[in-house]
Amino acid sequence: MREPKLISPSLLARTALAAAPLLLGQTLVRVTEEGEIRCRIVETESYGGAEDRGSHAFGNRRTNRTEVMFAAGGIAYVYLIYGMYSCLNVVVGEMDDPQAVLIRAVEPLSESDQELMLRHRGRFSGKAANLSNGPGKLCRALRIDRSLNGYPLVRAGGVLRLESGDAADELPIVQCPRINIDYAGEYALKPWRFYIDGNPYVSVKDKHPMPWRG
DNA sequence: TATCGGATTGACT
DNA sequence: GTCAATCCGATAG
């Protein structure tokens, strides 16, 4: 077994569009009072730049909520959606350029990881993948909420951190339009969602996914 | 201050 | 397939 290692900061200095596929296969580590949970990122979405109408920071909208998106890459952007679910983003890119990658699905790396995640999910039914096959679900399973907004993700010993996992160029990565952003006009059609093809934890399989070529 | 609606989910028809 | 839960951010007034 390889020594766990934080992911390369250079990956997080890229734009969201470049970083989103590269985050697939990487390891997300969450430490709670109950123990450490390790999981693999299997689905992401890019929200990048002032011109992306789907992004909270569209038009360089700089508010209390979006402020963390303007920081240099390497911290978490966690927001509350529909009054009841948290969503986790990885802020990437240069300072003052709002770039973030939404983590939409993760897969527990071991049975003990799965058990801890299960304990954090209140009601739960159906197939195992329902544990964390969606942005709100994975935040429940990993006990992530807005108290972690702005948290640094590349710090050894951090309670939420990114470690290197599988290399993206060895994975069957596909891309397709993002989910639930009808308000974004033509930007709702951009193929800025990425996932590991065939992975059971992917939230929604696209009808016509395109192979991603790094 | 008031209003609108959301980068979702689970329950139900 | 439909729909409501439930809070707060963004915007209008």
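## Meeting the DNA

Which atom of DNA strand B is 2.6 Å from an N or O atom in the side chain of Tyr183? A phosphate oxygen sits at that distance from the Tyr183 side chain. Please keep in mind that this is a predicted model.

Tyr183 has company. DNA strand B is surrounded by 20 residues, and the closest are Tyr79, Asn89, Arg121, Asn180 and Tyr183. Of the strand B atoms that come within 4 Å of the protein, 57% belong to sugar and phosphate. Pro135 also reaches a phosphate oxygen of DNA strand B, here through a backbone N or O atom at 3.1 Å. Asn89 turns to a base instead: an N or O atom in the Asn89 side chain is 2.6 Å from a base nitrogen of DNA strand B.

## What lines the DNA surface

Which elements give two or more residues to the surface near DNA strand B? They are strand E3 (76–81), strand E4, strand E5 and helix H4 (135–141). Helix H4 gives the most, with three residues. Sorted by class, this surface has nine nonpolar, seven polar and four charged residues.

## Two loop residues with positive phi

Asn180, one of the closest residues to DNA strand B, deserves a second look for its backbone. Its phi is positive, about 60°, although Asn180 is not a glycine. Asn180 belongs to the loop between strand E7 (173–176) and strand E8 (193–196). With a relative accessibility of 66%, Asn180 counts as exposed, because the cut-off for that class is over 50%.

Asp96 is another residue other than glycine with a positive phi, in this case near 75°. You will find Asp96 in the loop between strand E4 (85–91) and strand E5. Asp96 has 46% relative accessibility and so counts as partly exposed.

## Salt bridges across the chain

Side chains of opposite charge can pair when their charged atoms come close. How many salt bridges does the structure hold? There are 14, and three of them are worth a visit here.

Start with Arg119 and Glu34, whose side chains meet in a salt bridge at 2.9 Å, N to O. Arg119 is in helix H3 (residues 111–120), while Glu34 is in the loop between strand E1 (27–32) and strand E2 (35–48), so the pair ties together parts that are 85 residues apart in sequence. Arg119 counts as exposed at 52% relative accessibility, whereas Glu34 counts as partly exposed at 34%.

## Two bridges to strand E2

Strand E2 supplies an arginine to each of the next two pairs. Glu163 and Arg38 join their side chains in a salt bridge of 2.8 Å, N to O. This pair links distant parts of the chain, with Glu163 in strand E6 (residues 160–163) and Arg38 in strand E2, 125 residues apart. Is Glu163 buried or exposed? Glu163 counts as buried, at 5% relative accessibility, while Arg38 counts as partly exposed, at 21%.

Arg40, also in strand E2, forms a salt bridge with Glu107 through their side chains, at 2.7 Å, N to O. Glu107 lies in strand E5 (residues 99–108), so the pair ties together parts that are 67 residues apart in sequence. Glu107 is buried, with a relative accessible area of 15%, and Arg40 counts as partly exposed, at 23% relative accessibility. Arg38 and Glu163 have further partners: salt bridges that share partners join Glu36, Arg38, Arg161 and Glu163 into one network.

How values were computed: Residues numbered from 1 in each chain as written. Chains lettered and ligands numbered in written order. Predicted model: local features only at pLDDT ≥ 70, side-chain atom pairs only at ≥ 80, totals over all residues. Heavy atoms only, no water. Salt bridge = Lys/Arg side-chain N within 4 Å of Asp/Glu carboxyl O. Helix = DSSP H or I, 4+ residues; strand = E, 2+ residues; numbered from the N terminus. Buried < 20%, exposed > 50% of the residue type's maximum accessible area, 1.4 Å probe, protein only. Near = heavy atom within 4 Å. Polar contact = N/O pair within 3.5 Å; in protein donor to acceptor, adjacent residues only side chain to side chain. Nonpolar A, V, L, I, M, F, W, Y, C, P; charged D, E, K, R; others polar.
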